[in-house]
Amino acid sequence: MKFKNIFKNTSTMTTEKTEIDQEIEGTPVETQANEEQASVEELPVEEQLALDLAAEKDKFLRLFAEFENYKRRTSKERIELFKTANQEVLLAMLPVLDDFDRALVEISKSGDESLVKGVELIHEKLKSTLVGKGLEEVEVKAGDAFDADFAEAITQIPAPSDKMKGKIVDVLEKGYKLGEKIIRFPKVVIGN
(Lines give C-alpha, C1' and ligand atoms only; values in the text may rest on other atoms or scores of the structure.)
Protein backbone atom coordinates (compact mmCIF):
# COMPACT_ATOMS: atom_id res chain seq x y z
CA MET A 1 0.00 0.00 0.00
CA LYS A 2 2.67 2.37 0.85
CA PHE A 3 4.17 1.72 -2.51
CA LYS A 4 1.00 2.87 -4.25
CA ASN A 5 0.79 5.94 -2.09
CA ILE A 6 4.27 6.99 -3.06
CA PHE A 7 3.38 6.77 -6.71
CA LYS A 8 0.16 8.64 -6.13
CA ASN A 9 1.95 11.39 -4.25
CA THR A 10 4.59 11.63 -6.88
CA SER A 11 2.08 11.98 -9.64
CA THR A 12 0.18 14.53 -7.63
CA MET A 13 3.39 16.37 -6.86
CA THR A 14 4.40 16.32 -10.47
CA THR A 15 1.04 17.69 -11.50
CA GLU A 16 1.13 20.31 -8.79
CA LYS A 17 4.69 21.20 -9.67
CA THR A 18 3.85 21.68 -13.32
CA GLU A 19 0.95 23.91 -12.43
CA ILE A 20 3.17 25.89 -10.08
CA ASP A 21 5.88 26.09 -12.73
CA GLN A 22 3.34 27.34 -15.23
CA GLU A 23 2.13 29.94 -12.77
CA ILE A 24 5.70 31.06 -11.99
CA GLU A 25 6.69 31.17 -15.65
CA GLY A 26 3.59 33.11 -16.63
CA THR A 27 3.59 35.57 -13.77
CA PRO A 28 6.89 37.38 -14.35
CA VAL A 29 6.16 37.97 -18.02
CA GLU A 30 2.75 39.37 -17.19
CA THR A 31 4.21 41.33 -14.30
CA GLN A 32 6.95 42.80 -16.47
CA ALA A 33 4.49 43.79 -19.17
CA ASN A 34 2.21 45.31 -16.55
CA GLU A 35 5.11 47.20 -14.96
CA GLU A 36 6.21 48.58 -18.34
CA GLN A 37 2.70 49.68 -19.13
CA ALA A 38 2.40 51.17 -15.67
CA SER A 39 5.70 53.04 -16.04
CA VAL A 40 4.60 54.37 -19.43
CA GLU A 41 1.20 55.21 -18.04
CA GLU A 42 2.68 56.77 -14.89
CA LEU A 43 4.80 59.25 -16.88
CA PRO A 44 2.86 62.15 -18.28
CA VAL A 45 3.04 62.65 -22.04
CA GLU A 46 5.24 65.74 -21.66
CA GLU A 47 7.84 63.89 -19.60
CA GLN A 48 7.82 60.97 -22.03
CA LEU A 49 8.37 63.38 -24.92
CA ALA A 50 11.17 65.09 -22.99
CA LEU A 51 12.87 61.73 -22.44
CA ASP A 52 12.49 60.82 -26.12
CA LEU A 53 13.85 64.24 -27.12
CA ALA A 54 16.86 63.82 -24.80
CA ALA A 55 17.59 60.38 -26.26
CA GLU A 56 17.37 61.68 -29.83
CA LYS A 57 19.53 64.70 -28.95
CA ASP A 58 22.16 62.37 -27.46
CA LYS A 59 22.15 60.23 -30.62
CA PHE A 60 22.45 63.37 -32.75
CA LEU A 61 25.38 64.73 -30.71
CA ARG A 62 27.21 61.42 -30.91
CA LEU A 63 26.65 61.21 -34.66
CA PHE A 64 27.78 64.81 -35.10
CA ALA A 65 30.95 64.20 -33.05
CA GLU A 66 31.70 61.06 -35.06
CA PHE A 67 31.29 63.00 -38.31
CA GLU A 68 33.58 65.80 -37.07
CA ASN A 69 36.25 63.21 -36.20
CA TYR A 70 35.86 61.69 -39.66
CA LYS A 71 36.27 65.09 -41.34
CA ARG A 72 39.36 65.90 -39.25
CA ARG A 73 40.93 62.51 -39.96
CA THR A 74 40.30 62.66 -43.72
CA SER A 75 41.59 66.23 -44.01
CA LYS A 76 44.75 65.23 -42.14
CA GLU A 77 45.21 62.23 -44.46
CA ARG A 78 44.64 64.47 -47.50
CA ILE A 79 47.27 66.96 -46.31
CA GLU A 80 49.75 64.12 -45.79
CA LEU A 81 48.95 62.80 -49.25
CA PHE A 82 49.58 66.21 -50.83
CA LYS A 83 52.86 66.56 -48.95
CA THR A 84 54.17 63.25 -50.22
CA ALA A 85 52.40 63.10 -53.60
CA ASN A 86 55.63 63.98 -55.42
CA GLN A 87 57.63 61.34 -53.60
CA GLU A 88 57.77 58.83 -56.47
CA VAL A 89 58.74 61.47 -59.03
CA LEU A 90 61.37 62.94 -56.73
CA LEU A 91 62.80 59.48 -56.01
CA ALA A 92 63.07 58.89 -59.75
CA MET A 93 64.89 62.22 -60.19
CA LEU A 94 67.49 61.61 -57.45
CA PRO A 95 69.78 59.44 -59.65
CA VAL A 96 69.74 62.21 -62.26
CA LEU A 97 70.77 64.72 -59.58
CA ASP A 98 73.56 62.36 -58.46
CA ASP A 99 74.76 62.03 -62.08
CA PHE A 100 74.84 65.81 -62.40
CA ASP A 101 76.94 66.06 -59.22
CA ARG A 102 79.45 63.52 -60.57
CA ALA A 103 79.48 65.14 -64.03
CA LEU A 104 80.15 68.55 -62.51
CA VAL A 105 83.16 67.20 -60.63
CA GLU A 106 84.59 65.55 -63.76
CA ILE A 107 83.90 68.50 -66.07
CA SER A 108 85.54 70.93 -63.66
CA LYS A 109 88.76 68.87 -64.04
CA SER A 110 88.77 69.53 -67.81
CA GLY A 111 89.39 73.27 -67.45
CA ASP A 112 86.78 74.36 -70.03
CA GLU A 113 85.12 77.27 -68.17
CA SER A 114 82.13 77.70 -70.52
CA LEU A 115 81.28 73.98 -70.28
CA VAL A 116 81.60 74.05 -66.49
CA LYS A 117 79.41 77.16 -66.27
CA GLY A 118 76.72 75.61 -68.53
CA VAL A 119 76.56 72.38 -66.53
CA GLU A 120 76.46 74.37 -63.26
CA LEU A 121 73.47 76.38 -64.53
CA ILE A 122 71.56 73.25 -65.52
CA HIS A 123 72.51 71.60 -62.22
CA GLU A 124 71.30 74.59 -60.19
CA LYS A 125 68.06 74.78 -62.17
CA LEU A 126 67.34 71.08 -61.53
CA LYS A 127 68.25 71.43 -57.87
CA SER A 128 66.07 74.55 -57.36
CA THR A 129 63.11 72.85 -59.07
CA LEU A 130 63.40 69.83 -56.78
CA VAL A 131 63.78 72.07 -53.71
CA GLY A 132 60.67 73.94 -54.85
CA LYS A 133 58.78 70.65 -54.74
CA GLY A 134 59.84 70.08 -51.12
CA LEU A 135 63.08 68.11 -51.49
CA GLU A 136 65.77 68.82 -48.89
CA GLU A 137 69.23 67.37 -48.51
CA VAL A 138 69.97 65.48 -45.29
CA GLU A 139 72.95 67.25 -43.78
CA VAL A 140 75.60 64.61 -43.07
CA LYS A 141 79.33 65.15 -43.47
CA ALA A 142 82.60 63.45 -42.59
CA GLY A 143 83.43 63.81 -38.91
CA ASP A 144 79.80 63.75 -37.68
CA ALA A 145 78.75 61.14 -35.16
CA PHE A 146 76.96 58.24 -36.82
CA ASP A 147 73.22 58.08 -36.14
CA ALA A 148 71.36 55.11 -37.64
CA ASP A 149 68.13 57.14 -37.68
CA PHE A 150 69.54 59.57 -40.24
CA ALA A 151 72.15 57.60 -42.19
CA GLU A 152 72.77 54.14 -43.57
CA ALA A 153 76.19 52.58 -42.87
CA ILE A 154 77.48 50.75 -45.92
CA THR A 155 80.72 49.55 -44.40
CA GLN A 156 83.18 50.07 -41.57
CA ILE A 157 86.85 50.77 -42.06
CA PRO A 158 89.68 51.16 -39.56
CA ALA A 159 89.47 54.71 -38.24
CA PRO A 160 92.29 56.99 -39.43
CA SER A 161 92.49 58.42 -35.88
CA ASP A 162 91.04 57.75 -32.45
CA LYS A 163 88.74 60.77 -32.85
CA MET A 164 87.05 59.18 -35.89
CA LYS A 165 85.99 55.94 -34.15
CA GLY A 166 82.22 55.59 -34.39
CA LYS A 167 82.02 58.64 -36.63
CA ILE A 168 81.37 59.13 -40.32
CA VAL A 169 84.58 58.84 -42.36
CA ASP A 170 83.08 59.37 -45.83
CA VAL A 171 79.69 60.06 -47.46
CA LEU A 172 79.20 57.85 -50.52
CA GLU A 173 75.71 59.00 -51.52
CA LYS A 174 73.70 62.02 -50.36
CA GLY A 175 70.43 61.55 -48.57
CA TYR A 176 67.23 63.51 -49.13
CA LYS A 177 64.01 64.15 -47.29
CA LEU A 178 60.60 65.31 -48.38
CA GLY A 179 59.14 67.46 -45.63
CA GLU A 180 59.94 65.60 -42.43
CA LYS A 181 60.12 62.16 -44.04
CA ILE A 182 63.49 60.86 -45.22
CA ILE A 183 62.94 59.36 -48.68
CA ARG A 184 66.56 58.30 -49.21
CA PHE A 185 69.05 57.80 -46.41
CA PRO A 186 72.61 58.98 -46.96
CA LYS A 187 75.02 56.09 -47.46
CA VAL A 188 78.15 56.50 -45.33
CA VAL A 189 81.35 54.77 -44.26
CA ILE A 190 82.06 54.77 -40.53
CA GLY A 191 85.29 54.40 -38.62
CA ASN A 192 85.86 51.31 -36.51
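**Close-up views of the model**

**View A. Helix α4 from end to end.** At 1.5 Å a residue, the 20 residues of helix α4 (residues 113–132) should span 28 Å, and the C-alpha atoms at its ends are indeed 28 Å apart. That expected span is 1.5 Å times one less than the number of residues. Helices (H or I, at least four residues) and strands (E, at least two) are DSSP runs, numbered from the N terminus. This is a predicted model, in which local features need pLDDT of at least 70 and side-chain atom pairs count only at pLDDT 80 or more, while totals for chains, interfaces and linings use all residues. Residues are numbered from 1 along each chain as its sequence is written, and side-chain values use heavy atoms, with hydrogens and water left out.

**View B. The two faces of α4.** V116, V119, H123, L126 and L130 are the buried residues here. They sit on the same side of α4, because they cover an arc of only 100 degrees around the axis, taken from the directions from the helix axis to the C-beta atoms. Flip to the other side of α4 and you find E113, S114, K117, L121, K125 and G132 exposed. (Buried is under 20% relative accessible area, exposed over 50%, partly exposed in between, with a 1.4 Å probe and protein chains only.) The buried residues of α4 pack against α3 and β1 (135–138). Just after α4 comes G134, with a positive phi near 105 degrees.

**View C. L135 and its partners in strand β1.** L135 lies in strand β1 and counts as buried, at 4% relative accessibility. Leaving aside neighbours within four places in sequence, L135 is in contact (heavy atoms within 4.5 Å) with L90, L94, L130, Y176, K177, L178 and I183. L94 is 41 residues away along the chain from L135, yet their C-alpha atoms are separated by 9.9 Å.

**View D. D101 on helix α3.** Here's an acidic residue tucked away: D101 belongs to helix α3 (residues 87–110) and is buried, with a relative accessible area of 17%. Not counting residues up to four places away in sequence, D101 touches H123, K174 and Y176. H123 is also one of the buried residues of α4.

**View E. Strand β3 and the E173–R184 bridge.** L172 sits in strand β3 (residues 168–173). Beyond its neighbours within four places, L172 is in contact with I154, K187, V188 and V189. The C-alpha atoms of L172 and K187 are 5.5 Å apart, although 15 residues separate the two along the chain. E173 and R184 meet in a salt bridge, at 3.8 Å from N to O. Since E173 lies in strand β3 and R184 in strand β5 (residues 181–184), the pair ties together parts that are 11 residues apart in sequence. R184 counts as buried at 12% relative accessibility, whereas E173, at 24%, is partly exposed. Both belong to a salt-bridge network with D98, E152 and K187. A salt bridge here is a side-chain nitrogen of Lys or Arg within 4 Å of a carboxyl oxygen of Asp or Glu, and by this rule the count comes to 12.

**View F. A salt bridge along helix α2.** K59 pairs with E56, the closest N and O atoms being 3.6 Å apart. The two are about one helical turn apart, because they are three residues apart in helix α2. K59 is exposed at 52% relative accessibility, and E56 is partly exposed at 46%.
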